Amino acid sequence: MEGAEFQHVSVMPKETVEGLLSTTAGVYVDCTLGGAGHSLRIASRLSADGWLIGIDRDAAAVAAAKERLKDVPCRVSIVHDNFRNLDAILGELGADAVDGVLFDLGVSSHQIDTAERGFSYMHDAPLDMRMDERQKLTAYEIVNSYSEEALARIFHDYGEERWGKRIAAFIVEMRKETPVRTTAELVDIVCRAVPKAVRRAAAGHPAKRVFQAIRIEANDELSILEASIRTAVRHLRPGGRIAILTFHSLEDRIAKNTLRDMARGCICPPGVPVCVCGHRPEVRLLGKARKPGADEVKGNPRAKSAKLRLAEKEPGAK
């Protein structure tokens, strides 16, 4: 795929890049490269001594990024992998200490808008939803092989869907006759399961939360997040920064709690008169979560739920 074919509008690009960069000769890692929207802005501000490392599990994103970053002034390394392997990736590249790490989480505009990928409830396509098409688990396998209890759990845990149990029951009943093969078939089942009055009163599409839950399960998006954030901070030089863009409450809660925990000092039990734990903060939080402005949301409605969290590694932290 040519770089121009991969369309994705980066969210809060100015705030993200300015919050992340501390030196033009540094080493920066974009763990979710996408179409290189943020990375192009980062690389364009680096000198010839700078180094951009981009990671993505989506082959289309990797191809697009290679095209878009071919003329930037700094050194560029692009890796087709999952950021859960960040430690090994940086080790293989010989980049044990870096100046900044970016996580732009969730699904990209390109993945949603490429109908055949099966991410969207607005387009009829085979149930897929794999960010990395090399992996075996697909949305089809989840919908057609998970137990009713397992489906209800992921709809509740990953979609915060109040009708999750009923939707799971409808799916299991429908697949007794024939497998659920397409996104349109799944949307139809969800619409049958959710009461009509609820659908009419809902602000968004009734299948939105179900699709989110299945996508998160298929790509194991949440279970890898905390460990990956901690790995990223461990590789930061003192004064280096981490930027995390989230798009729904589940991933933002993990990012918020992980950074807050790493920013804590003494962890002695309450009532202990003198600190004996010796625990020191690993990062310093750089303000509260930032949100896109009204103009950006108007131009890119998908930015509406975004939050940007920034932190800086403390001197002396391991």
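Helices here are DSSP runs of H or I at least four residues long, numbered from the N terminus. With that in hand, we can take a walk through this predicted model, starting with a helix near the beginning of the numbering.

**Salt bridges**

Lys14 and Glu18 both sit in helix α1, 4 residues apart, or about one turn of the helix. In an α-helix there are 3.6 residues a turn, so residues three or four places apart point the same way. The two side chains meet in a salt bridge, with N to O at 3.3 Å. Lys14 is exposed, at 55% relative accessible area, while Glu18 is partly exposed, at 41%.

That pair is one entry in a total of 21 salt bridges. Here are three of them side by side:

| Salt bridge | Closest N and O atoms |
|---|---|
| Lys14 and Glu18 | 3.3 Å |
| Arg117 and Asp58 | 3.0 Å |
| Arg241 and Glu312 | 3.0 Å |

The Arg117 and Asp58 bridge links distant parts of the chain, 59 residues apart: Arg117 belongs to the loop between α5 and α6, and Asp58 to the loop between β2 (51–56) and α3 (59–68). Both Arg117 and Asp58 are buried.

Two strands are tied together by the other long-range bridge. Arg241 is in strand β5 (residues 236–246) and Glu312 in strand β7 (residues 307–313), so the pair connects parts that are 71 residues apart in sequence. Glu312 counts as buried, with 16% relative accessibility.

Then there's a network of salt bridges, which joins Glu226, Arg230, Asp261 and Arg264.

Which charged residue is buried yet has no salt bridge? It's Glu251, whose nearest side chain of opposite charge, Arg215, is 5.1 Å away. A salt bridge needs the nitrogen and oxygen within 4 Å, so Glu251 goes without. Glu251 is part of helix α13 (residues 249–262). Leaving aside residues up to four places away in sequence, Glu251 touches Leu105, Gly106, Leu222, Leu225 and Thr246.

**The nonpolar cores**

The largest nonpolar core has 34 residues, and Leu151, Phe155, Ile167, Ile171, Leu186 and Ile214 have the most contacts inside it. Two or more residues come from each of α6, α7 (148–159), α8 (164–175), α9 (183–193) and α11 (208–219). Another core, of 29 residues, lies apart from this one and includes Leu86, Leu90, Leu105 and Val283. Leu105 has already come up, as one of the residues that Glu251 touches.

Back in the largest core, Ile214 touches Met129, Ala139, Ile142, Val143, Ile154, Phe155 and Leu186, again not counting residues up to four places away in sequence.

Helix α9 is a nice one to look at by itself. Its buried residues are Thr183, Leu186, Val187, Ile189, Val190 and Ala193. They span an arc of only 160 degrees around the axis, so they are on the same side of α9. Among the elements that cover these buried residues are α6, α8 and α11.

**Aromatic pairs**

How many aromatic pairs are there? The count comes to 2. In one, the ring centres of Phe83 and Phe103 are 5.1 Å apart and the planes are at 85 degrees, so the pair is edge-to-face. Phe83 is in the loop between β3 (75–80) and α4 (86–93) and Phe103 in strand β4 (residues 98–104), so the contact ties together parts 20 residues apart in sequence. Phe83 is buried at 8% relative accessibility, and Phe103 is buried at 0%.

Tyr121 and Phe211 also pair edge-to-face, at 5.8 Å centre to centre with 85 degrees between the planes. This pair links distant parts of the chain, 90 residues apart, with Tyr121 in the loop between α5 and α6 and Phe211 in helix α11. Tyr121 is partly exposed, at 25% relative accessible area, whereas Phe211 is buried, at 3%.

**Backbone oddities**

Most residues other than glycine have a negative phi. Met12 has a positive one, near 45 degrees, and lies in the segment before α1 (13–20). Met129 also has a positive phi, of about 70 degrees, and belongs to the loop between α5 (109–113) and α6 (139–145). Met12 is buried at 0% relative accessibility, and Met129 is buried with a relative accessible area of 0%. Met129 is also one of the residues that Ile214 touches.

Definitions and conventions
Residues numbered from 1 in each chain as written. Predicted model: local features only at pLDDT ≥ 70, side-chain atom pairs only at ≥ 80, totals over all residues. Heavy atoms only, no water. Buried < 20%, exposed > 50% of the residue type's maximum accessible area, 1.4 Å probe, protein only. Lys, Arg positive; Asp, Glu negative; His and termini not counted. Contact = heavy atoms within 4.5 Å. Core = buried A, V, L, I, M, F, W, Y, C linked by side-chain atoms within 4.5 Å. Arc of directions from axis to C-beta. Phe/Tyr/Trp six-rings, centres within 6.5 Å; stacked < 30°, edge-to-face > 60°.
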